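Work through the exercises below with the sequence and the model at hand. Each task is followed by a solution in steps.

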Amino acid sequence: MQKFYKNLFYNFWLPGFVCCLSLCSLTTNLRAQGLMFNSNDSLLNKRTSYNVFNYTTPTFDGHLYISFDLSLWDNQNLGYIFSLTGQNDSYSLSYLYFQNEAVLNFNIDRKSTKISKIQLSPSQLGKRKWIKIKVDLDLMGNTASVCVDNKIYKASNIDFEDSMTPKLIFGLNPYYTEVPDMAVKNLVVGDNSKSYSFPLNEWAGNVAHDQSGEEIGLIQNPVWLSNESYFWKPVHNHTFANVAGLNFDPAEDELVMYGRDSLVVYHPDNGNVNAMPYKNPMPIPMVLGKSIFNTKEDKVYAYEAYNETKGAVNMASLDMKTLQWQGIGKNAFPQQRHHHNIFYNASQDSIYLFGGYGSFTYYNAIYNYNPQQDKWLKVKFKGDTITPRFFSAVGKAEGSDDVYLFGGYGNESGSQIVGGKQYYDLYRINLKEHTIKKLWDIHPKEIFVPANNLVLSKDGKYFYAMCYPHEIFKTSIKLYKFSIEDGSYQVVSAAIPVISERIESDINLFFDPKTNQLLCTLQEFTDNHKSTVKVYSLAYPPVANIAYLSSTRYSKASLRGVFIGILVAVFLIAGAGIWVYGAKRKVSPVDDDSPVDEPEIASQLVAVQKTDEPKANSIKLLGEFAAYNRKGKDITYLFSPKIKQLFVLIFLNSREANGIGSKKISQILWPEKDVTKTKNIKGVTFNHLRNIISDIDGIELNFVNDIYIFSLDEQFFCDYCFVSEALKKNDDSVRDLVLENFELIGRGSLLTDMGDSWLDDFKQHYEEQLMLHLIPQLKKLYSEENYKAVLELSRLLHLIDPFNDSVLKYQLKSDRRLKGIDHCKKIYDHYVQEYKKSLGVDYQVSLDKLLS
């Protein structure tokens, strides 16, 4: 008995309790983003109105307070924050911006202003700049106070009723149509005995929930700010006929794009774009269009690390006030430095350059530009060594000489010939002491490299980076948030589609403190001259991917209901556990038409109860693709879509044929490219693949006479190979496959997560072999009264052929034995309906005939 309760605790109660805590944590730890209001700029029927207590009518006795976070960015209008209507009077909190002055007023509507001209400073105004507001009404004492960021303003001699059942409406209301540009979050309404809390963290819909998830408020024309913090918004698109560069001017809060003959400026605060011609010609023949912005001088320094034009100016500054270019120097590196990093020291008087790629070489030296000598001088650093790489990202620690460098792609030798790999490490580089310290190295499941620059969080504990798989030319990029302390990370945005067909393509991330938003710029090259700059914005701080998914999943359910539901689930699981344990102790006879005790029969199919444990040095091709290295670690994440396609293509042709030719690989995997132009991208993909499988024993990729083929030995295991060999042997081996290795075939058909057309013949052949050899096993298992095994095998075979009469026959016969004739009829009726719906004709075989 003691062992029974111990098993019950560890197998049912404990996992259920952990699940309960995890789900509750997801649903309660979502940061409120707020509700934005369509304002005076919108038509009346489009303006936002938030009725706080639409679905309930609470009464507040003796006291009423309304507390919330308010964001205001209106600089031209009169508007009403909220209207509060009692039995006798109505009250309002209004906002007015007039003659460069922003004020709040608390009013008794249509009578008088009781608290007037509460001054708001310019620093308090701005989208997503939050002001803490609390309106406190002493209904018994007839006094009111308004607290704005801890500064209190009071009024007395107000004739309140002793208790109030208020109608509280933010924005458009029955009395006033004027709505300022504003947003509200973390609303709390209460008295001395109760309170209602509204985080306003919804993503969609027109219902506002309280903190427990109950539907309380109704909103017309809501604009949920959560979406602005998760989904990137395209805000600008500009095509240049020549190579262009870009950077962000934090002093003026503007994105500057410099083309050959003019400067294009995008203003994030209002979306305006200005194009201004230079005072003199740009002296640099641009190739990559790289630059760094000097805030002290208010100049952008454009440069080329490498230039084929000998004697050309390779560094020049543009004065942002005069738009005058000035040549600085002509020195350049002897090789190109694609995707290097550039950064200043704290005083912005020294420019440093790290890494990059060119001439089949990855670099890791750090150089400092000396304007007096017009030279890039190599600087020696003490401490840890950063391996050669490109595609790294850098970010400067505020107010210090520390620079953080994260990730990249390269190898220890620096030679591209030996292949490359992604790095997920973080270094702190001190430009004053010339030291390098490695902070951590992580191993994420995804494959990615970061874009050029990092944005550090305001508290300096985290950094943000745009990350994407650079080897895939049509892909997507997402924002990641990393802990500087330990490297823990999370995805904090939706994806942006990216086309990166040329190595010149460039991606940057900037933070705009004025509008409190992140800007992502994608510069996509169609050839080595023309490029398109796409600008996206995301409200700061961003929202984690897991928060978005959990919020959308549970947004319409109360958290209290979720909690109760989880507890019920835990008790049901525990109850099921007790029933299973108890049922296994019972044995009952079986009548021909009566249901069989299912727990007893379930024990007959040992394989169904097995856990599909990962196996060292193995590849799984049945169901979804999976791979495990020599230590049994899941390395599936290393196989990007293209690498996985390459592996599967060669592997299946190695087994079913004698390998596959190089030309055919190019034609299948890169059909949009001429075969002669796939050499580089194919070489890179093969290097990735060789690096990955080097951690798997028993498999080797060979290249002989322009043919690629895998050679395997006994150390290597593949479920598809194992099952295929078993099907080719005698009947006993097929039976063993069903009874002892069902977890293999039970994973599903061949590569269910890959829909490539060139896989169709392989999939069809495998499924035909399964049907041919496994359908006879149904009859044998049924005759042995192993009904559970019949049902499991029927489920698998129906996935391959949904309308096979032989499979249906033994499924129904076993269902009758296990669950009775009534359940059997339900299964049959459902099958008949699906048959008619799918094939357009009636199913002709009766239930009685199938059961005979």
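Three exercises follow, on a helix pair, a sheet and a salt bridge.

The model is predicted, so local features need pLDDT of at least 70 and side-chain atom pairs pLDDT 80 or more, while totals for chains, interfaces and linings use all residues. Residues are numbered from 1 along each chain as its sequence is written, and side-chain values use heavy atoms, without hydrogens and water.

**Exercise 1.** Determine how helix α10 crosses helix α13.

Step 1. The axes of α10 (residues 719-728) and α13 (residues 760-783) come within 10 Å and cross at roughly 45°. Axes are lines fitted to C-alpha atoms over the stretch in contact, with angles from 0 to 180 degrees between N-to-C directions. Helices are DSSP runs of H or I of at least four residues, strands E runs of at least two, numbered from the N terminus.

Step 2. Therefore α10 is oblique to α13 (under 35 degrees is roughly parallel, over 145 roughly antiparallel, 65 to 115 roughly perpendicular, the rest oblique).

Step 3. On the α10 side, Tyr720, Val723, Ser724 and Leu727 make the contact; on the α13 side, Tyr766, Gln769, Leu770 and His773 do (heavy atoms within 4.5 Å).

**Exercise 2.** Find the edge strands of the open sheet that contains β47.

Step 1. The three strands are ordered β48-β47-β52, with mixed pairing (pairing needs at least two DSSP bridges).

Step 2. β48 (626-628) and β52 (717-718) each pair on one side only, as edge strands.

Step 3. β47 (residues 618-620) runs parallel to β52, joined by two bridges.

**Exercise 3.** Locate the partner of aspartate 69 in a salt bridge.

Step 1. The partner is lysine 132, with the closest N and O atoms 3.2 Å apart (a Lys or Arg side-chain nitrogen within 4 Å of an Asp or Glu carboxyl oxygen).

Step 2. Aspartate 69 lies in strand β4 (residues 63-72) and lysine 132 in strand β9 (residues 131-138), 63 residues apart.
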